Amino acid sequence: MPFAQQGTPTKHVGAKKKCKGVADRSALPFSPHDPRNKATGAFTTPQYQTFLQDGQEQAIFSAIARGTWSPASEDTSWRSGYRRYGASKLFLIMAILHSLQHRLDRDPDRALASKIAVVGVDPGGMSTGMQRNAPWFMRYLIFGIIYPIMTMLWTSGRTAARTTARSAADVLWAAFDVGEPLPGPLPKSLYFDGRELLATSEESRDEQKWALVWRETVKLANLREGETALADCR
Ligand SMILES: NC(=O)c1ccc[n+]([C@@H]2O[C@H](COP(=O)([O-])OP(=O)(O)OC[C@H]3O[C@@H](n4cnc5c(N)ncnc54)[C@H](OP(=O)(O)O)[C@@H]3O)[C@@H](O)[C@H]2O)c1
């Protein structure tokens with residue numbers, strides 16, 4: 001969930017240790033090559049190992065936006081939805097974390113360019129309303145029983161299961177406290193899993209792809225000149 005942070009970040013000495021390096025891993029649903037995804041079996045076919053395949057970016061973007069990519073009619077298991085969820089998260093990272101920050105940085109309005117930083121936070125797995133339509137074993141067994149026990153046993157680090165309170169605190173930390181340990185005046189285009197700095201997936205960092213995702217998203221949202229503070233929103 002990327003969001004914009006505005007103004008000068010405060011110093012946060014406690015963050016120093018945690019933000020020194022950038023781990024070369026990214027969040028699970030939009031990283032088909034993450035070894036942890038092997039167990040899901042969702043990205044085994046070559047068709048799904050890259051979301052926007054070379055030469056078909058526009059057509060695949062359109063299919064994903066319209067919900068016809070990885071449809072339930074083709075794969076009746078939960079994996080079809082998991083892939084679409086991953087695509088939505090990838091596009092969020094591309095359009096907001098990378099594209100929006102890029103546009104803000106080169107906006108002629110220097111105040112806009114220098115004072116807004118886009119930061120993303122992966123809150124980890126939480127038991128919320130999101131699982132309401134999941135199969136029973138996920139809803140009751142995993143998120144109803146196993147996850148709450150895991151959150152009591154493991155309370156720090158990049159744990160799979162987290163409470164909503166802990167993840168909300170991580171989002172507030174990213175919005176108000178992160179900054180001083182990181183390079184540059186503002187922590188721009190940074191992505192955290194909880195409070196650990198991560199590189200977003202290789203595909204998400206492809207400039208041509210994130211520029212396409214921005215352009216197409218602006219068209220779908222019917223965003224017009226003057227409806228945003230950006231000098232160039234297209
Ligand atoms: N839970 C997790 O493990 C997890 C992990 C990583 C990321 N996330 C992300 O965190 C975000 C929040 O998820 P959550 O776990 O808090 O799920 P949730 O309990 O289902 O909450 C989703 C919220 O979004 C609102 N909403 C859904 N569709 C909407 C629409 N079309 N227009 C306006 N509001 C809408 C819902 O409102 P109503 O209640 O009124 O329907 C609800 O308040 C999502 O982006 C999710 O992908 C969650």
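Let me begin with strand pairing: two strands pair if DSSP finds at least two bridges between them, where strands (E, at least two residues) and helices (H or I, at least four) are DSSP runs numbered from the N terminus. With that in hand, S2 and S3 pair in the parallel sense over four bridges, and Val121 stands opposite Phe192 in S3.

Before going on, I should say that this is a predicted model, in which local features need pLDDT of at least 70, side-chain atom pairs count only at pLDDT 80 or more, and totals for chains, interfaces and linings use all residues. Residues are numbered from 1 along each chain as its sequence is written.

How many of the residues of S2 are buried, that is, have 20 or more other C-beta atoms, placed from the backbone, within 10 Å of their own (exposed is 12 or fewer, partly exposed in between)? Six of the seven are, so S2 is mostly covered.

Turning to the largest nonpolar core, a set of buried Ala, Val, Leu, Ile, Met, Phe, Trp, Tyr and Cys residues joined through C-beta atoms within 7 Å, we find 30 residues, of which Leu90, Met94, Ala95 and Val213 touch the most other members. Helices H1 (57-65), H2 (79-105) and H6 (207-220), together with strands S2 (116-122) and S3 (190-193), each supply at least two residues of this core, and the largest share, ten residues, comes from H2.

Finally, two backbone angles: Ser189, in the loop between helix H5 (164-176) and S3, has a phi near 50°, positive in a residue other than glycine, and Ser189 is buried because 22 other C-beta atoms lie within 10 Å. Asn222, found in the segment after H6, has a positive phi of about 55° although it is not a glycine, but Asn222 is exposed, with 7 other C-beta atoms within 10 Å.
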